[in-house]
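Please examine the sequence and the three-dimensional structure shown below. The paragraphs that follow lead through selected parts of the model in turn.

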Amino acid sequence: MSQSQPTSPALDLKNIQGDILSGLPKKTETYVFFQITLVDAFRRQLQHLLPLIKSTADVVQDRGAIERSKRSTPAGQKPKLLTLTGVNISFSRFGLDKLGFTDADNLNDDAFKKGQFSDAATLGDPDSGADWEPAFKDKLDAMIHVAGDSHVSVDVVLVEVRAILGLTIHEVTHIVGDVRPGDQDGHEHFGFLDGISNPSIEGFDPVIPGPHQIKPGFLLLGEDGDSRATGRPEWSVDGSFLVFRYLFQRVPEFDDFLEKNPVIAPNLPPKDGSELRGARLVGRWKSGAPIDLAPLQDDPVLAQDVNRRNDFSYEGQLTDQSRCPFAAHVRKTFPRDDLEKLTPTSPSIDNRRIMRRGIQFGPEVTEDEHNSHTTKHGRGLLFVCYSSSITDGFQFIQQSWTNDPSFPPGAAQAVPPVEPGFDAIIGQAEEGTIRSLSGTDPNNLDQDLQLPATGFVVPHGGEYFFTPSISALKNKFALAA
């Protein structure tokens with residue numbers, strides 16, 4: 001696909017917190033959720049915390065050091081793991097109110113304003129958040145996350161952070177995430193390579209084949225492309241909304257479901273039939289290869305090629321799910337041509353794009369869990385995403401795409417018409433509704449596959465935050481010490 005040249009003004013990378021555009025380098029990450037108990041004292045101590053906050057410019061430098069280390073490592077040897085840490089901070093609407101921000105309504109985001117627990121029913125969380133842990137049902141004011149190369153490195157920084165803030169905060173809870181071991185590094189707990197469909201940002205990322213680059217304002221408030229920029233306060237510029245979701249994954253149950261529901265075809269072993277079924281639920285093979293380009297067999301070489309693995313758009317498949325089911329997870333969450341080529345005048349879906357971060361948590365599946373097909377230890381994803389509007393981005397994707405069995409709309413024009421069904425990974429239905437989806441058997445595209453009553457992914461909490469710019473932290477949030 002052709003790519004237009006960047007047209008957005010240059011970004012001030014020293015002013016943008018580091019996780020948003022580039023992602024804090026990490027092998028482990030700890031998220032600390034807290035309430036502010038002494039407001040003025042907290043704001044004074046924030047001045048002492050500022051030197052620890054890592055900017056995008058800092059992250060670019062860190063990633064450069066990592067690449068240089070890899071290039072200098074002799075062939076056949078494992079690169080040395082550099083000691084690197086990074087700290088970022090974000091505030092909920094409750095936190096902004098507590099800090100005395102009287103113009104927070106002007107951020108113009110209804111989802112952020114009410115908080116995620118109040119939004120649980122809109123998102124489709126079972127029983128409006130009945131599975132949520134108590135910490136996330138309370139009002140959390142802010143979150144600090146510390147990423148690094150090891151638990152030791154991160155813990156050293158956490159000691160310093162906690163010493164700086166001291167009695168000005170009450171820590172409600174903290175959660176530790178770790179990348180998975182060995183060849184599963186980069187893969188989420190169901191086994192699929194994760195985070196490879198993130199948007200490419202004009203003026204920051206290199207241009208590679210695939211979806212067109214988006215303007216930075218779809219992630220950063222006040223920048224070129226921010227469709228809600230009018231009236232937003234000056235202190236919000238270069239900030240971004242952060243969605244945190246505490247998602248538990250029922251891995252043994254997912255594996256058992258695939259084992260019991262393989263795609264059946266001549267000369268296709270049952271194990272390979274289960275892998276094919278899983279790939280059609282997700283829209284990618286576990287390697288990361290998209291089924292739109294490798295519909296019936298995994299292609300690990302394609303998966304490793306950054307110039308090919310995201311270069312697809314469901315072109316010419318507006319009414320067709322033979323290559324990729326309409327309800328496949330990656331098609332539901334980023335429908336590409338399904339919407340942008342729906343009609344000659346279809347609008348762009350750039351305002352729906354989100355930048356995914358986060359990390360896995362919990363142990364690998366035990367032999368006992370595998371044999372009993374039952375989850376006995378908590379594991380899953382600490383989901384994080386950034387955008388300049390939660391309402392237009394994350395909330396809309398969850399409510400109007402993954403949870404809507406009639407989406408994408410081209411399915412209604414198929415011959416015969418079909419209902420796509422729910423996103424099998426994160427799609428949630430109203431209580432009593434049977435979740436199913438079509439198109440997962442390439443030999444019988446109209447056949448519905450019924451999903452278990454309990455989802456494979458169960459939300460246990462979350463919150464909506466705002467991640468301010470470095471200058472806003474210094475000049476608006478902090479007080480002189």
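The side chain of Thr440 forms a polar contact with the side chain of Arg277, at 2.8 Å. This is a computed distance in a predicted model. Thr440 lies in the loop that separates strand 9 (436–438) from strand 10 (448–450). Its relative accessible area is 0%, and because buried means under 20%, Thr440 counts as buried. Leaving aside residues up to four places away in sequence, Thr440 touches Val263, Arg277, Arg280, Leu281, Pro325 and Leu449.

Confidence in the model is described by pLDDT. The mean for the protein is 96, and 99% of its residues reach 70 or more. Residues 1–5 are another matter: pLDDT stays under 50 over this stretch, for which the model has 10 contacts beyond four places in sequence.

Attention may now turn to the nonpolar interior. The largest nonpolar core has 69 residues, and those touching the most other members are Phe42, Phe91, Leu96, Ile144 and Phe477. Helix 8 (residues 151–165) gives the most to this core, contributing six residues. What surrounds Leu96? Not counting residues up to four places away in sequence, Leu96 touches Phe91, Phe101, Ala104, Leu107, Phe112, Trp235 and Phe477. A second core, separate from the largest, has 29 residues, including Ile16, Phe33, Phe218 and Val384.

Helix 3 (residues 56–72) allows a check of geometry. At 1.5 Å a residue, its 17 residues should span 24 Å, and the C-alpha atoms at its ends are 24 Å apart, so expectation and model agree. The expected figure is 1.5 Å times one less than the number of residues. At the start of the helix, a side-chain oxygen of Ser55 comes to within 3.3 Å of the backbone nitrogen of Ala57.

How are the buried residues of helix 3 arranged around its axis? The residues Thr56, Val59, Asp62 and Ser69 are buried in this helix. Viewed down the axis, the buried residues of helix 3 fall within an arc of 135 degrees, and therefore line one face of the helix. A general property of such helices is relevant here: an α-helix has 3.6 residues a turn, so residues three or four places apart point the same way. The face of helix 3 turned away from the buried side carries the exposed residues Gln61, Arg71 and Ser72. Among the elements that cover the buried residues of helix 3 are helix 1 (18–21) and strand 2 (85–91).

Notes: Residues numbered from 1 in each chain as written. Predicted model: local features only at pLDDT ≥ 70, side-chain atom pairs only at ≥ 80, totals over all residues. Heavy atoms only, no water. Core = buried A, V, L, I, M, F, W, Y, C linked by side-chain atoms within 4.5 Å. Buried < 20%, exposed > 50% of the residue type's maximum accessible area, 1.4 Å probe, protein only. Helix = DSSP H or I, 4+ residues; strand = E, 2+ residues; numbered from the N terminus. Contact = heavy atoms within 4.5 Å. Arc of directions from axis to C-beta. Polar contact = N/O pair within 3.5 Å; in protein donor to acceptor, adjacent residues only side chain to side chain. pLDDT = per-residue confidence, 0-100.
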